[in-house]
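Please open the model in your viewer and keep the sequence panel beside it. The stops below say what to select next and what is to be found there.

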Amino acid sequence: MDKRSEMHRRERRRYVIGYGGSLLLTLAVFLIAYTYGIETKGVYLAISLLGLAQLIVQLVYFLHIDRRRSSREDLDLVLFSTLVLLIIILGTVWIMGNLAVRMHTYPM
Amino acid sequence: MKRAPSHSYPGLNLGRRHESAHKATEVVTFGFWVFLMSDLVYFGLMFAIYITMIDAQAGGPGPHELFDLKSVFAQTMILLTSSLTVGLAMLALKYNLPRSRIVLWFGVTLVLGLSFLVLEIRDFMAMAEKGGIPQRSGFLSAFYGLVPLHGLHVSVGCLWLIVLGIQLRVFGLTDLLMSRVVRLALFWHFLDLIWIGIITIVYFGGLTYG
(Lines give C-alpha, C1' and ligand atoms only; values in the text may rest on other atoms or scores of the structure.)
Protein backbone atom coordinates (compact mmCIF):
# COMPACT_ATOMS: atom_id res chain seq x y z
CA MET A 1 0.00 0.00 0.00
CA ASP A 2 2.82 2.36 0.94
CA LYS A 3 4.83 1.59 -2.16
CA ARG A 4 1.69 2.12 -4.22
CA SER A 5 0.95 5.56 -2.88
CA GLU A 6 4.63 6.40 -3.31
CA MET A 7 4.43 5.43 -6.99
CA HIS A 8 1.18 7.29 -7.36
CA ARG A 9 2.77 10.43 -5.96
CA ARG A 10 5.70 10.07 -8.31
CA GLU A 11 3.59 9.63 -11.42
CA ARG A 12 1.31 12.49 -10.41
CA ARG A 13 4.33 14.69 -9.87
CA ARG A 14 5.47 13.80 -13.37
CA TYR A 15 2.19 15.12 -14.81
CA VAL A 16 2.33 18.26 -12.68
CA ILE A 17 5.93 18.95 -13.75
CA GLY A 18 4.91 18.53 -17.40
CA TYR A 19 1.98 20.87 -16.85
CA GLY A 20 4.13 23.47 -15.07
CA GLY A 21 6.78 23.29 -17.80
CA SER A 22 4.23 23.66 -20.60
CA LEU A 23 2.55 26.51 -18.73
CA LEU A 24 5.84 28.40 -18.36
CA LEU A 25 6.72 27.88 -22.03
CA THR A 26 3.26 29.04 -23.15
CA LEU A 27 3.43 32.13 -20.96
CA ALA A 28 6.92 32.87 -22.28
CA VAL A 29 5.70 32.62 -25.89
CA PHE A 30 2.77 35.00 -25.36
CA LEU A 31 4.88 37.35 -23.25
CA ILE A 32 7.49 37.60 -26.02
CA ALA A 33 4.77 38.18 -28.60
CA TYR A 34 3.17 40.84 -26.39
CA THR A 35 6.40 42.68 -25.52
CA TYR A 36 8.26 42.60 -28.83
CA GLY A 37 5.42 42.40 -31.31
CA ILE A 38 5.24 39.57 -33.82
CA GLU A 39 6.67 41.29 -36.86
CA THR A 40 10.33 40.28 -36.95
CA LYS A 41 11.87 36.95 -37.84
CA GLY A 42 14.06 36.91 -34.74
CA VAL A 43 11.02 37.00 -32.49
CA TYR A 44 9.36 34.27 -34.54
CA LEU A 45 12.48 32.12 -34.28
CA ALA A 46 12.34 32.42 -30.48
CA ILE A 47 8.62 31.58 -30.48
CA SER A 48 9.07 28.50 -32.66
CA LEU A 49 11.99 27.23 -30.56
CA LEU A 50 9.86 27.58 -27.41
CA GLY A 51 7.04 25.75 -29.22
CA LEU A 52 9.42 22.93 -30.10
CA ALA A 53 10.56 22.76 -26.48
CA GLN A 54 6.96 22.48 -25.36
CA LEU A 55 6.35 19.63 -27.83
CA ILE A 56 9.24 17.74 -26.28
CA VAL A 57 8.12 18.47 -22.71
CA GLN A 58 4.64 17.14 -23.47
CA LEU A 59 5.94 14.07 -25.31
CA VAL A 60 8.10 13.15 -22.34
CA TYR A 61 5.87 14.10 -19.40
CA PHE A 62 2.37 13.50 -20.80
CA LEU A 63 2.84 10.84 -23.46
CA HIS A 64 5.74 9.15 -21.62
CA ILE A 65 7.79 8.67 -24.78
CA ASP A 66 11.40 8.06 -23.91
CA ARG A 67 14.31 5.85 -24.78
CA ARG A 68 13.34 3.02 -22.42
CA ARG A 69 14.13 -0.26 -24.14
CA SER A 70 10.62 -1.68 -23.69
CA SER A 71 8.96 1.11 -25.63
CA ARG A 72 11.57 1.10 -28.38
CA GLU A 73 9.27 -0.27 -31.11
CA ASP A 74 6.72 2.44 -30.50
CA LEU A 75 9.41 5.08 -30.39
CA ASP A 76 10.54 3.79 -33.80
CA LEU A 77 6.97 4.24 -35.06
CA VAL A 78 6.84 7.81 -33.77
CA LEU A 79 10.25 8.68 -35.22
CA PHE A 80 9.43 7.16 -38.60
CA SER A 81 6.13 9.05 -38.78
CA THR A 82 7.97 12.24 -37.90
CA LEU A 83 10.41 11.55 -40.74
CA VAL A 84 7.54 11.07 -43.22
CA LEU A 85 5.93 14.23 -41.90
CA LEU A 86 9.11 16.28 -42.28
CA ILE A 87 9.60 15.03 -45.85
CA ILE A 88 6.02 16.00 -46.70
CA ILE A 89 6.13 19.44 -45.08
CA LEU A 90 9.65 20.50 -46.02
CA GLY A 91 9.25 19.05 -49.53
CA THR A 92 5.98 20.91 -50.09
CA VAL A 93 7.31 24.19 -48.75
CA TRP A 94 10.52 23.86 -50.77
CA ILE A 95 8.87 22.98 -54.08
CA MET A 96 5.95 25.40 -53.79
CA GLY A 97 8.25 28.19 -52.59
CA ASN A 98 10.61 27.60 -55.49
CA LEU A 99 7.65 27.61 -57.90
CA ALA A 100 6.42 30.89 -56.45
CA VAL A 101 9.84 32.49 -56.94
CA ARG A 102 9.97 31.28 -60.57
CA MET A 103 6.46 32.58 -61.21
CA HIS A 104 7.57 35.95 -59.82
CA THR A 105 4.81 36.03 -57.22
CA TYR A 106 7.52 36.30 -54.57
CA PRO A 107 10.17 38.98 -54.54
CA MET A 108 13.52 37.25 -55.15
CA MET B 1 2.80 -17.58 -17.90
CA LYS B 2 5.17 -14.83 -18.83
CA ARG B 3 4.39 -11.60 -17.04
CA ALA B 4 3.97 -8.50 -19.09
CA PRO B 5 6.74 -6.01 -18.50
CA SER B 6 5.51 -3.15 -16.39
CA HIS B 7 6.18 -0.61 -19.09
CA SER B 8 5.53 -1.92 -22.56
CA TYR B 9 3.94 0.84 -24.62
CA PRO B 10 4.29 4.60 -24.77
CA GLY B 11 1.89 6.60 -22.67
CA LEU B 12 0.92 5.86 -19.12
CA ASN B 13 0.90 2.10 -18.57
CA LEU B 14 -1.73 0.31 -16.52
CA GLY B 15 1.03 -1.82 -15.05
CA ARG B 16 1.09 -5.10 -13.11
CA ARG B 17 -1.81 -4.31 -10.83
CA HIS B 18 -4.16 -4.60 -13.79
CA GLU B 19 -2.34 -7.53 -15.34
CA SER B 20 -5.05 -8.76 -17.69
CA ALA B 21 -6.10 -5.27 -18.75
CA HIS B 22 -2.46 -4.37 -19.21
CA LYS B 23 -1.80 -7.24 -21.63
CA ALA B 24 -4.98 -6.61 -23.59
CA THR B 25 -4.09 -2.94 -23.82
CA GLU B 26 -0.60 -3.48 -25.18
CA VAL B 27 -1.56 -4.57 -28.69
CA VAL B 28 -4.50 -2.22 -29.19
CA THR B 29 -2.46 0.69 -27.90
CA PHE B 30 0.18 0.02 -30.52
CA GLY B 31 -2.58 -0.01 -33.14
CA PHE B 32 -3.92 3.23 -31.74
CA TRP B 33 -0.47 4.80 -32.04
CA VAL B 34 -0.44 3.79 -35.70
CA PHE B 35 -3.78 5.60 -36.11
CA LEU B 36 -2.48 8.68 -34.25
CA MET B 37 0.60 8.81 -36.44
CA SER B 38 -1.43 8.56 -39.66
CA ASP B 39 -3.63 11.33 -38.28
CA LEU B 40 -0.43 13.29 -37.63
CA VAL B 41 0.57 12.90 -41.28
CA TYR B 42 -2.88 14.21 -42.28
CA PHE B 43 -2.46 17.24 -40.02
CA GLY B 44 1.06 17.65 -41.41
CA LEU B 45 -0.37 17.94 -44.94
CA MET B 46 -2.81 20.62 -43.81
CA PHE B 47 0.07 22.48 -42.13
CA ALA B 48 2.09 22.27 -45.35
CA ILE B 49 -0.84 23.66 -47.37
CA TYR B 50 -1.28 26.48 -44.85
CA ILE B 51 2.41 27.42 -45.03
CA THR B 52 2.34 27.60 -48.83
CA MET B 53 -0.93 29.60 -48.73
CA ILE B 54 0.12 32.26 -46.22
CA ASP B 55 0.66 34.84 -48.96
CA ALA B 56 -2.35 33.86 -51.04
CA GLN B 57 -4.69 36.39 -49.46
CA ALA B 58 -6.13 37.72 -52.74
CA GLY B 59 -6.69 41.15 -51.23
CA GLY B 60 -8.97 39.67 -48.56
CA PRO B 61 -8.57 40.09 -44.81
CA GLY B 62 -5.25 38.71 -43.51
CA PRO B 63 -3.96 37.40 -40.18
CA HIS B 64 -3.55 40.87 -38.67
CA GLU B 65 -7.20 41.78 -39.13
CA LEU B 66 -8.58 38.36 -38.25
CA PHE B 67 -6.61 36.71 -35.45
CA ASP B 68 -7.49 37.47 -31.84
CA LEU B 69 -4.48 36.47 -29.74
CA LYS B 70 -6.27 36.95 -26.41
CA SER B 71 -8.79 34.30 -27.34
CA VAL B 72 -6.03 32.04 -28.67
CA PHE B 73 -4.20 32.44 -25.35
CA ALA B 74 -7.35 31.46 -23.41
CA GLN B 75 -7.88 28.44 -25.66
CA THR B 76 -4.27 27.37 -25.18
CA MET B 77 -4.56 27.54 -21.39
CA ILE B 78 -7.84 25.63 -21.40
CA LEU B 79 -6.54 22.85 -23.65
CA LEU B 80 -3.30 22.53 -21.68
CA THR B 81 -5.18 22.24 -18.39
CA SER B 82 -7.52 19.64 -19.87
CA SER B 83 -4.47 17.62 -20.86
CA LEU B 84 -3.45 17.57 -17.20
CA THR B 85 -6.93 16.60 -15.98
CA VAL B 86 -7.24 13.73 -18.44
CA GLY B 87 -3.88 12.51 -17.13
CA LEU B 88 -5.17 12.73 -13.56
CA ALA B 89 -8.26 10.72 -14.56
CA MET B 90 -5.92 8.10 -15.96
CA LEU B 91 -3.90 8.02 -12.73
CA ALA B 92 -7.05 7.75 -10.62
CA LEU B 93 -7.90 4.70 -12.69
CA LYS B 94 -4.46 3.16 -12.42
CA TYR B 95 -4.27 3.51 -8.64
CA ASN B 96 -7.80 2.29 -7.97
CA LEU B 97 -9.04 5.57 -6.53
CA PRO B 98 -12.82 5.71 -6.03
CA ARG B 99 -14.73 5.75 -9.28
CA SER B 100 -16.21 9.13 -8.38
CA ARG B 101 -12.69 10.59 -8.68
CA ILE B 102 -12.30 9.27 -12.23
CA VAL B 103 -15.72 10.63 -13.18
CA LEU B 104 -14.82 13.99 -11.57
CA TRP B 105 -11.65 14.37 -13.69
CA PHE B 106 -13.58 13.23 -16.75
CA GLY B 107 -16.18 15.89 -16.00
CA VAL B 108 -13.56 18.63 -15.60
CA THR B 109 -11.91 17.56 -18.86
CA LEU B 110 -15.25 17.60 -20.66
CA VAL B 111 -16.11 21.09 -19.37
CA LEU B 112 -12.68 22.37 -20.45
CA GLY B 113 -13.00 20.72 -23.87
CA LEU B 114 -16.43 22.27 -24.42
CA SER B 115 -15.25 25.74 -23.31
CA PHE B 116 -12.39 25.42 -25.78
CA LEU B 117 -14.87 24.68 -28.56
CA VAL B 118 -17.13 27.59 -27.57
CA LEU B 119 -14.19 30.03 -27.71
CA GLU B 120 -13.02 28.62 -31.01
CA ILE B 121 -16.46 28.87 -32.62
CA ARG B 122 -16.81 32.46 -31.34
CA ASP B 123 -13.46 33.21 -33.01
CA PHE B 124 -14.66 31.76 -36.32
CA MET B 125 -17.86 33.81 -36.11
CA ALA B 126 -15.90 37.00 -35.38
CA MET B 127 -13.66 36.20 -38.36
CA ALA B 128 -16.64 35.62 -40.62
CA GLU B 129 -18.08 39.01 -39.61
CA LYS B 130 -14.88 40.67 -40.82
CA GLY B 131 -15.23 38.90 -44.16
CA GLY B 132 -12.92 36.03 -43.25
CA ILE B 133 -14.85 33.16 -44.78
CA PRO B 134 -13.28 30.04 -46.34
CA GLN B 135 -14.08 30.93 -49.96
CA ARG B 136 -12.55 34.43 -49.71
CA SER B 137 -8.92 33.41 -50.39
CA GLY B 138 -6.52 30.49 -50.53
CA PHE B 139 -5.12 31.56 -47.19
CA LEU B 140 -8.54 31.41 -45.55
CA SER B 141 -9.38 28.07 -47.20
CA ALA B 142 -6.18 26.62 -45.78
CA PHE B 143 -6.92 28.14 -42.36
CA TYR B 144 -10.45 26.69 -42.28
CA GLY B 145 -9.15 23.36 -43.51
CA LEU B 146 -6.71 23.07 -40.61
CA VAL B 147 -8.00 24.75 -37.45
CA PRO B 148 -11.60 23.44 -37.53
CA LEU B 149 -10.16 19.99 -38.31
CA HIS B 150 -8.49 20.17 -34.91
CA GLY B 151 -11.75 21.48 -33.42
CA LEU B 152 -13.55 18.51 -34.95
CA HIS B 153 -11.08 16.19 -33.25
CA VAL B 154 -11.74 17.92 -29.92
CA SER B 155 -15.50 17.51 -30.46
CA VAL B 156 -15.02 13.81 -31.12
CA GLY B 157 -12.87 13.63 -27.97
CA CYS B 158 -15.69 15.27 -25.96
CA LEU B 159 -18.22 12.79 -27.34
CA TRP B 160 -15.82 9.97 -26.48
CA LEU B 161 -15.51 11.32 -22.91
CA ILE B 162 -19.30 11.35 -22.51
CA VAL B 163 -19.77 7.85 -23.91
CA LEU B 164 -16.90 6.45 -21.83
CA GLY B 165 -18.20 8.19 -18.69
CA ILE B 166 -21.60 6.55 -19.16
CA GLN B 167 -20.01 3.18 -19.87
CA LEU B 168 -17.90 3.45 -16.70
CA ARG B 169 -21.03 4.15 -14.67
CA VAL B 170 -22.97 1.27 -16.19
CA PHE B 171 -20.32 -1.46 -16.50
CA GLY B 172 -17.78 -0.47 -13.87
CA LEU B 173 -14.05 -0.79 -14.41
CA THR B 174 -13.80 -3.70 -16.84
CA ASP B 175 -10.53 -4.47 -18.65
CA LEU B 176 -11.97 -3.27 -21.93
CA LEU B 177 -13.02 0.09 -20.50
CA MET B 178 -9.68 0.60 -18.80
CA SER B 179 -7.88 0.08 -22.08
CA ARG B 180 -10.29 2.55 -23.71
CA VAL B 181 -9.47 5.17 -21.09
CA VAL B 182 -5.77 4.71 -21.89
CA ARG B 183 -6.45 5.40 -25.56
CA LEU B 184 -8.67 8.37 -24.85
CA ALA B 185 -5.89 9.92 -22.73
CA LEU B 186 -3.40 9.37 -25.58
CA PHE B 187 -5.81 10.93 -28.07
CA TRP B 188 -6.34 13.97 -25.84
CA HIS B 189 -2.61 14.55 -25.26
CA PHE B 190 -2.10 14.20 -29.02
CA LEU B 191 -4.65 16.97 -29.66
CA ASP B 192 -2.73 19.24 -27.32
CA LEU B 193 0.45 18.56 -29.32
CA ILE B 194 -1.33 19.49 -32.56
CA TRP B 195 -2.60 22.68 -30.90
CA ILE B 196 0.98 23.74 -30.08
CA GLY B 197 1.70 23.37 -33.81
CA ILE B 198 -1.37 25.46 -34.60
CA ILE B 199 -0.48 28.37 -32.31
CA THR B 200 3.13 28.34 -33.48
CA ILE B 201 2.57 27.94 -37.22
CA VAL B 202 -0.97 29.16 -37.91
CA TYR B 203 -1.29 32.06 -35.47
CA PHE B 204 2.25 33.32 -34.79
CA GLY B 205 3.57 32.20 -38.19
CA GLY B 206 0.61 33.84 -39.91
CA LEU B 207 1.18 37.09 -38.02
CA THR B 208 4.91 37.09 -38.80
CA TYR B 209 4.83 36.18 -42.48
CA GLY B 210 1.26 36.97 -43.54
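Begin with chain A coloured by domain: the centres of domain 1 of chain A and domain 2 of chain A, taken over C-alpha atoms, are separated by 24 Å. Domain 1 covers residues 1-64 and domain 2 residues 68-108, the bounds coming from an automatic or database domain assignment. This is a predicted model, in which local features need pLDDT of at least 70 and side-chain atom pairs count only at pLDDT 80 or more, while totals for chains, interfaces and linings use all residues. Residues are numbered from 1 along each chain as its sequence is written, chains are lettered from A and ligands numbered from 1 in the order in which they are written, and side-chain values use heavy atoms, with hydrogens and water left out.

Next, colour chain A by pLDDT, the predictor's confidence in each residue on a scale from 0 to 100. The average for chain A is 86, with 90% of the residues scoring at least 70. Among the elements of chain A, helix 2 of chain A has the highest mean pLDDT, 92, and helix 3 of chain A the lowest, 87. Helices (H or I, at least four residues) and strands (E, at least two) are DSSP runs here, numbered from the N terminus.

Staying with chain A, select residues 16-37, 43-65 and 77-101, which an unreviewed UniProt entry annotates as "transmembrane region". UniProt positions follow the numbering used here, feature names are shortened, and annotations may be inferred rather than shown by experiment. Residues 16-37 of chain A are 95% helix and 0% strand, with their end C-alpha atoms 31 Å apart; residues 43-65 of chain A are 83% helix and 0% strand, with 30 Å between the end C-alpha atoms.

Now move to the space between the domains. Where does the largest pocket lie with respect to domain 1 and domain 2 of chain A? Both domains give residues to the lining of the largest pocket, so it lies between them. On a 1 Å grid over the protein atoms alone, a pocket is an open set of points with protein on both sides within 12 Å along at least five of seven lines, whereas a cavity is a set where a 1.4 Å probe fits but cannot get out; lining residues have an atom within 4 Å of a point.

The largest pocket has a volume of about 1200 Å³, a volume being the space filled by probe spheres set on the grid points, which are joined across faces, edges and corners. Select A:L52, A:L55, A:L85, A:L86 and B:I201, which lie nearest the centre of this pocket among its 41 lining residues. Helix 2 (41-61) and helix 3 (72-102) of chain A, with helix 1 (19-53) and helix 6 (175-209) of chain B, each supply at least two residues of that lining, and helix 6 of chain B gives the most, with 10 residues. The lining divides into 32 nonpolar, 7 polar and 2 charged residues, where Ala, Val, Leu, Ile, Met, Phe, Trp, Tyr, Cys and Pro count as nonpolar, Asp, Glu, Lys and Arg as charged, and the others, Gly among them, as polar.

For the second largest cavity, of about 40 Å³, select A:T26, A:V29, A:I47, A:G51, A:Q54, B:I196, B:I199 and B:T200, which line it. By class, this lining has 4 nonpolar, 4 polar and no charged residues.

Finally, show chain B alone, with its 6 helices and 0 strands. Its C-alpha atoms fill a box of roughly 65 × 30 × 25 Å along the principal axes. Helix 5 of chain B (residues 138-171) has 34 residues and reaches 49 Å from its first C-alpha to its last, close to the expected 50 Å, the expected span being 1.5 Å times one less than the number of residues. Just after helix 5 of chain B, select B:G172, which takes a positive phi of about 75°. Helix 4 of chain B (residues 99-129) has 31 residues and reaches 45 Å, close to the 45 Å expected, and is followed by B:G131, whose phi is positive, near 90°.
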